[in-house]
Structure formats: C-alpha cells, structure tokens
Amino acid sequence: MYEILAREEFSESTFLLEVQHPLLAKAANPGQFVIVMVRADGERIPLTIADYSVARGTITLVIQAVGKTTRDMQQNCRVGDMLYALVGPMGIPSHIGEVQKVICVGGGLGVAPVFPQARAFKQRGAYVIGVIGFRSKDLIFWEDKFRDVCDELIICTDDGSAGIQGLVTDGVAQAIESHPDIEEVIAIGPPVMMKFCAETTRPHKIKTMVSLNPIMVDGTGMCGGCRVSVGGEIKFCCVDGPDFDGHQVDFDELMRRLDRFKAEEKQSLERWSRATNCRLQDEEPHTPQ
Ligand SMILES: Cc1cc2nc3c(=O)[nH]c(=O)nc-3n(C[C@H](O)[C@H](O)[C@H](O)COP(=O)(O)OP(=O)(O)OC[C@H]3O[C@@H](n4cnc5c(N)ncnc54)[C@H](O)[C@@H]3O)c2cc1C
Ligand code: FES
C-alpha cells in the first residue's frame, strides 16, 4: 500500500497526487510510467511518472478524470489514503541525447509528462525551449517549474488569455523560425496534437519523439492491447515504448483503437456514477421529522 502524501487541484478535471514509494523514486527515469490499482477490485491504469524525488521518496502523478477509474481517484484519493498497488517504473526511459537545442512540447495534460524530459535535457546542458499549451489561462499549471528548466518558454492558449493565441503547433513553428538549429522535438499530449506536431517538424527534418498512450491491460507485452504501428512494424507500447519516432507513428490507427471500447467505458462510468450516487444518498444525514 502506498500513501498519498500530497494532492493539488489544477482544474475541475485535473489533479496531482504525490505518492510515497522510495524505491520507485530511486529507480524512475524520464518517460517512464506506472500501473496503478486504487483498490483490490479496481482496474489497472497506466499513468506517467510526472516527477520524482529521491530525497522525499515520492513520485508525482498528474491525472485527468476522464472515465470510471480516474473519476474514482478524483473523488476518493485524498491525502493519507493508500493506493492498493503501484507497479513500475515501466517502459523504456526516454533517450536524453547530447543535443544542443531541443523543444519540449506539452499539450494540456501532456505538460506534466514532458517536464522530466525538459529537466533532463537542461541538466545535460542543452538549450531548452518549452512550448506548453492549454485551452485558457485558468488551466495553466507548472509554469514556474518549466521556467526553472527552460531557456525560453512559449505558452499557447486556444482563447489567447495567456501567451500567444493558438495551438502548440503555432508555438513550435515560432520556435523553429527563431532557431533553425533545433535538433530534436519532444511532443506529449493527445494523439491528434502529437500527430500535428510531427507534421509541423517533418518538412524541417527535425527528429520528433512522441509518447504514446494506447489502451493498456497487462503492461507486460503479453495481451497486445497496446499494439501500435510504427514505420510499418507492430510495436507494443508498454515494452517497446512509450516513446516512438513521431514521423513513423500511425496516429490514425492509434486514435481508432482508443475509441474501440467507448460503449463499454460509457456503461462502466454510468454504473459507477449510479452506485456512487446511491452511496452518497445513503450517507446523507437523516433529518428528523
Ligand atoms: C503510458 C501511458 C501513460 C499515461 N499517463 C497518463 C497520465 O499521466 N495521466 C492521465 O491522466 N492519464 C494517463 N494515461 C491515460 C490513462 O491511463 C487513461 O486515461 C485511463 O486509463 C482511463 O481510465 P478510466 O477508467 O478513467 O477511463 P475509461 O472509461 O477507461 O476511458 C476513458 C477514455 O480514456 C481512454 N483510455 C482508456 N483506457 C486507456 C489507457 N489505458 N490508456 C490510454 N487511454 C485510455 C479511452 O479511449 C477513453 O476515451 C496514460 C496512458 C498510457 C498508456
Ligand atoms: S499492455 Fe498488454 S501488451 Fe502492452
């Protein structure tokens, strides 16, 4: 059992949990993930290690409540509570090469997982340009953390309420224009965002790494759930990734596969919501007549 030491709310749907696990904190590297079970009868979900501290013996997860398990976590994982299981670090660590200049791009929730990579490139002596994108100003998080590790930071918002108005691809295009010597781009976010980041860098022939998020079940390369096509070959994201060459990934297939269980996911969320509402009503204090 792993204790939750801190929790922070970033928006109505996004929150951070800092979880005690000294061994995992020691072993973690940028780009890796964990598989979490909130309770013994819960499902296993993959979450990126968004930060880790050997000194505190903790790892940090940033979670977006999108379905049954992540909403359950949003409602029920409080400071002092225990996570039933936490397996990791999983996946191949990101390759932090000897590049001189790199752009680290995070879209929405992808801002959290790209942070350890930005920090690692900075520690290696690279000139780091951060491009982080949100729908609007009130959804921005970790701006200070990025300013600490980036030589330049471009914030993009859909509505123009902070930074430049536009998508992260606009920020990437702007950075490439001012720095024609960019050697690598790391892009993490929703598949459609990673797809268009890769299309933005393709004509410039800039190596572009993305972190894929297909549906995962066992996380050990055996079930085939996380199958992705990269450069015409089949890869299993949990053991061969999650980082892949963005110019080689079949993003359309990834998006189709992510939608495959939409009906079941909806049903499961509805069942959970009904059970939760019933429980809350049962727990309501009885008003004396
Ligand atoms: C390597 C990896 C790292 C991830 N890191 C994070 C993270 O740091 N923070 C975070 O909030 N989410 C992360 N995800 C996605 C997260 O695992 C899913 O959002 C979660 O499993 C959804 O579970 P649910 O029961 O809440 O929703 P469900 O009802 O199961 O699904 C809701 C939506 O999430 C998508 N989804 C379902 N299962 C997965 C899955 N295993 N992986 C990806 N998408 C899925 C579905 O397409 C659907 O649109 C990561 C996924 C992978 C593969
Ligand atoms: S999650 Fe089963 S093979 Fe990757």
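This report covers the domains of a predicted model, the interface between domain 1 and domain 3, and helix H6.

## Basis

The model is predicted, with local features needing pLDDT of at least 70 and side-chain atom pairs counting only at pLDDT 80 or more, while totals for chains, interfaces and linings use all residues. Residues are numbered from 1 along each chain as its sequence is written, and side-chain values use heavy atoms, without hydrogens and water.

## Domains

The protein chain is divided into domain 1 (2-90), domain 2 (91-205) and domain 3 (212-262); these bounds come from an automatic or database domain assignment. Between domain 1 and domain 3, the C-alpha centres lie 22 Å apart.

## Interface of domains 1 and 3

In this interface, 6 residues of domain 1 are in contact (heavy atoms within 4.5 Å) with 6 residues of domain 3. About 520 Å² is buried between the two domains (accessible area, 1.4 Å probe, lost on being put together and summed over both), 60% of it on carbon and sulfur atoms. Strand E3 (33-37) and strand E4 (44-48), both DSSP runs (E, at least two residues), each supply at least two residues of the domain 1 side.

There are 0 salt bridges (Lys or Arg side-chain nitrogen within 4 Å of an Asp or Glu carboxyl oxygen) between domain 1 and domain 3.

## Helix H6

Helix H6 (residues 191-201) is a DSSP run (H or I, at least four residues). Its buried residues (under 20% relative accessible area, 1.4 Å probe, protein chains only) are Pro191, Met193, Met194, Cys197, Ala198, Thr200 and Thr201. Their cover includes helix H5 (168-178), helix H8 (251-258) and strands E9 (101-107), E13 (184-188) and E14 (207-211).

Notes: Chains are lettered from A and ligands numbered from 1 in the order in which they are written. Buried means under 20% relative accessible area, exposed over 50%, partly exposed in between (1.4 Å probe, protein chains only).
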